[in-house]
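Colleague: Please look closely at one part of this model, the packing of a pair of helices, and then set that part in the context of the rest of the chain.

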Amino acid sequence: MVMNLGKKLFLIVLLIAFIFLMTTNTVSASTTDDPPNLFIAQLESSSDLGREFYVENCGSCHIPIPAEVLPTDAWQKILEQPRDHYGENLPKMVNITVGLIWNYLRSYSRPSLEGETTPEFVTNSRYFKALHPLVDLPKPSSHQSCKLCHPAAATLDYRSLTPEWDD
Ligand code: HEC
Ligand code: HEC
């Protein structure tokens with residue numbers, strides 16, 4: 001459920017905030033100039049951790065599909081229906097893992113527009129198309145075609161491109 005994921009994330013954030021307060025309480029009282037925002041840094045590192053968990057848990061059967069290419073609601077559905085995953089039953093994940101994965105997915109994706117149908121596949125996703133404005137993509141596109149142009153897709157690196165795309 002949505003609420004559950006949200007609640008878990010909230011608990012993780014609370015925990016991080018608590019640790020943060022415990023460890024920086026004494027220091028922050030004495031500093032006057034702007035200290036680096038450790039709280040934000042902590043939150044970011046929790047979505048980095050999410051990335052690692054994502055590659056491990058969502059990149060074993062197929063390449064890890066980057067958060068940016070589907071809307072947030074599509075990812076939410078996927079995480080809520082592990083028993084009905086494109087005809088597969090996903091191996092069980094512990095709650096904290098799902099929470100961290102969700103943190104990564106929602107930090108790097110955008111919501112659908114009002115009234116838009118949520119795509120299940122990248123090939124129907126407006127965001128996937130928007131990331132490839134000048135690219136002649138295979139039709140239909142699937143996770144199997146990413147590697148043609150993104151040789152490091154298996155490590156969730158979609159910046160690296162095959163030589164013909166380097167300018
Ligand atoms: C047990 C193997 C398995 C695991 C683990 C797995 N998937 Fe999948 N996934 C599939 C299969 C099978 C398909 C259907 C596409 C295909 O034929 O390869 C699929 C398809 C997808 C698609 C649509 C891909 C497209 O081409 O448009 C997305 C998105 C996706 N999975 C996300 C995830 C996420 C997120 C996780 C982790 C929570 C995950 N998968 C873990 C087996 C798996
Ligand atoms: C025919 C080649 C081709 C295929 C196939 C392809 N891409 Fe791309 N992709 C590109 C190119 C070229 C860029 C850079 C576009 C630009 O900067 O205008 C890009 C950019 C991206 C980006 C943005 C990277 C960044 O952070 O700068 C993501 C994410 C991405 N692709 C994901 C995917 C996924 C997921 C698939 C498979 C479902 C896929 N691509 C299939 C060529 C391809």
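Modeller: For the relative direction of two elements, angles under 35 degrees count as roughly parallel, over 145 as roughly antiparallel, 65 to 115 as roughly perpendicular, and the rest as oblique. The angles run from 0 to 180 degrees between N-to-C directions, and the axes are lines fitted to C-alpha atoms, for helices over the stretch in contact. The model is predicted: local features need pLDDT of at least 70 and side-chain atom pairs count only at pLDDT 80 or more, whereas totals for chains, interfaces and linings use all residues. Residues are numbered from 1 along each chain as its sequence is written, while chains are lettered from A and ligands numbered from 1 in the order in which they are written.

The pair in question is α3 and α4. Helix α3 covers residues 72-80, and its axis lies 10 Å from that of α4, at an angle of about 165 degrees. The two helices are therefore roughly antiparallel to each other. The crossing of α3 past α4 is right-handed; a crossing has this hand if the near helix is turned clockwise from the far one by less than a right angle, and is left-handed if the turn is anticlockwise.

Helix α4 itself comprises 13 residues, 95-107, and its end C-alpha atoms are 18 Å apart, in agreement with the 18 Å expected at 1.5 Å a residue. The expected span is 1.5 Å times one less than the number of residues. Buried residues of α4 include Val-98, Leu-100, Ile-101, Trp-102, Tyr-104 and Leu-105, and also Asn-103 and Arg-106. Here a residue is buried if 20 or more other C-beta atoms, placed from the backbone, lie within 10 Å of its own, exposed if 12 or fewer do, and partly exposed in between.

Between α3 and α4 runs a loop that contains Tyr-86. Tyr-86 is exposed, since 11 other C-beta atoms lie within 10 Å, and its phi is near 50 degrees, a positive value in a residue other than glycine. Tyr-86 is also among the residues that come nearest to ligand 1, together with Cys-58, Cys-61, Phe-121 and Ser-142, out of 16 around that ligand. A residue is near a molecule or strand if its C-beta atom, placed from the backbone, lies within 6 Å of it. The shell around ligand 1 holds 9 nonpolar, 6 polar and 1 charged residues; Ala, Val, Leu, Ile, Met, Phe, Trp, Tyr, Cys and Pro count as nonpolar, Asp, Glu, Lys and Arg as charged, and the others, Gly among them, as polar.

On the N-terminal side of α3, the loop from α2 (38-58) contains Ser-60, which counts as exposed with 11 C-beta neighbours inside 10 Å. The C-alpha atoms of Ser-60 and Ala-154 are 9.1 Å apart, although 94 residues separate them along the chain. Further along, Pro-140 sits in the loop between α5 (126-130) and α6 (146-149). A cis peptide bond with omega of about -10 degrees joins Lys-139 to Pro-140, and the C-alpha atom of Pro-140 is 9.7 Å from that of Phe-121.

As for the whole, the protein chain has 6 helices and 0 strands, where helices (H or I, at least four residues) and strands (E, at least two) are DSSP runs numbered from the N terminus. Of its 167 residues, 20% are buried.
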